[in-house]
Amino acid sequence: MTTTSKKNSAERVAAYDALGPQWAQLLDDERDLIAAMANFSALIHDTFGWHWVGFYRVAGAELVLGPFQGPVACTRITYGKGVCGSAWKEERTLVVPDVSAFPGHIACSPHSRSEIVVPIRARDGRVAAVLDIDSEVPDDFGTVDVHGLETLCETLQPLFE
Ligand code: SME
């Protein structure tokens with residue numbers, strides 16, 4: 001495991017630059033949301049080596065666990081709770097440099113030190129899912145990740161009903 005954050009490094013910028021076309025090729029004309037989310041999480045996990053990469057889908061007043069890579073995780077998160085539920089409620093990407101300092105953080109793994117959650121909108125504009133990423137490295141997410149992950153997540157939008 002890398003213990004130093006590579007946030008906003010040239011290396012990370014280059015990784016996102018390479019991921020764009022790679023992901024477009026992998027997604028191709030696949031229209032199954034679960035298949036796309038499964039490969040998406042594997043690609044991001046493999047590329048950056050983060051502890052946990054996965055999705056939670058909106059189901060009524062909760063988020064329900066979707067495809068992911070990493071250790072087992074909690075299956076349901078209430079609207080407004082934790083980092084995921086907060087990103088859903090606030091309808092914006094949340095970057096948490098220190099998870100222990102985030103009120104109400106839901107600790108699925110003791111190894112998680114920092115986190116980013118990106119809401120994903122369906123075609124009608126409502127938040128339909130979130131991408132959640134946990135890192136074992138403190139303060140591991142920066143503006144490069146916000147831009148890179150939001151751009152990648154936009155490609156999933158047409159797959160939501
Ligand atoms: N930490 C998240 C819960 C999900 S796990 O990290 C996979 C949260 O506070 O919402």
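Here's a quick tour of a ligand site and a few individual residues in this structure.

The model is predicted, so local features need pLDDT of at least 70, side-chain atom pairs count only at pLDDT 80 or more, and totals for chains, interfaces and linings use all residues. Residues are numbered from 1 along each chain as its sequence is written, and side-chain values use heavy atoms, with hydrogens and water left out.

**Who surrounds the ligand**

- There are 13 residues around the ligand, and Val 83, Cys 84, Ile 106, Glu 115 and Asp 134 come nearest (near a molecule means that a heavy atom of the residue lies within 4 Å of it).
- Sorted by class, that shell has eight nonpolar, two polar and three charged residues (Ala, Val, Leu, Ile, Met, Phe, Trp, Tyr, Cys and Pro count as nonpolar, Asp, Glu, Lys and Arg as charged, and the others, Gly among them, as polar).

**Polar contacts and cover**

- On the backbone side, a polar atom of Val 83 is 2.9 Å from an oxygen atom of the ligand, and one of Ile 106 is 2.7 Å from a ligand nitrogen atom (a polar contact here is a pair of N or O atoms within 3.5 Å).
- Asp 132 joins in with its side chain: a polar atom there lies 3.3 Å from an oxygen atom of the ligand.
- The ligand taken alone exposes 310 Å², and the protein buries 99% of that (areas come from the Shrake-Rupley method with a 1.4 Å probe).

**Which elements build the shell**

- Two or more residues each come from β1 (52–59), α3 (82–90) and β6 (127–135) (helices are DSSP runs of H or I with at least four residues, strands are runs of E with at least two, and both are numbered from the N terminus).
- The largest share comes from α3, with three residues.

**Two unusual backbone angles**

- Most residues other than glycine have a negative phi.
- Asn 8 isn't a glycine, yet its phi is positive, about 60°; you'll find Asn 8 in the segment before α1 (10–27).
- Asn 8 is partly exposed, at 37% relative accessible area (buried means under 20%, exposed over 50%, partly exposed in between, with a 1.4 Å probe and protein chains only).
- Asp 139, also not a glycine, has a positive phi of about 50°, and its place is the loop between β6 and α4 (143–154).
- With 32% relative accessibility, Asp 139 is partly exposed.

**Leu 33**

- Leu 33 belongs to helix α2 (residues 33–48) and is buried, with a relative accessible area of 9%.
- Along the chain, Leu 33 and Pro 158 are 125 residues apart, while their C-alpha atoms are separated by 9.2 Å.

How values were computed. Polar contact = N/O pair within 3.5 Å; in protein donor to acceptor, adjacent residues only side chain to side chain.
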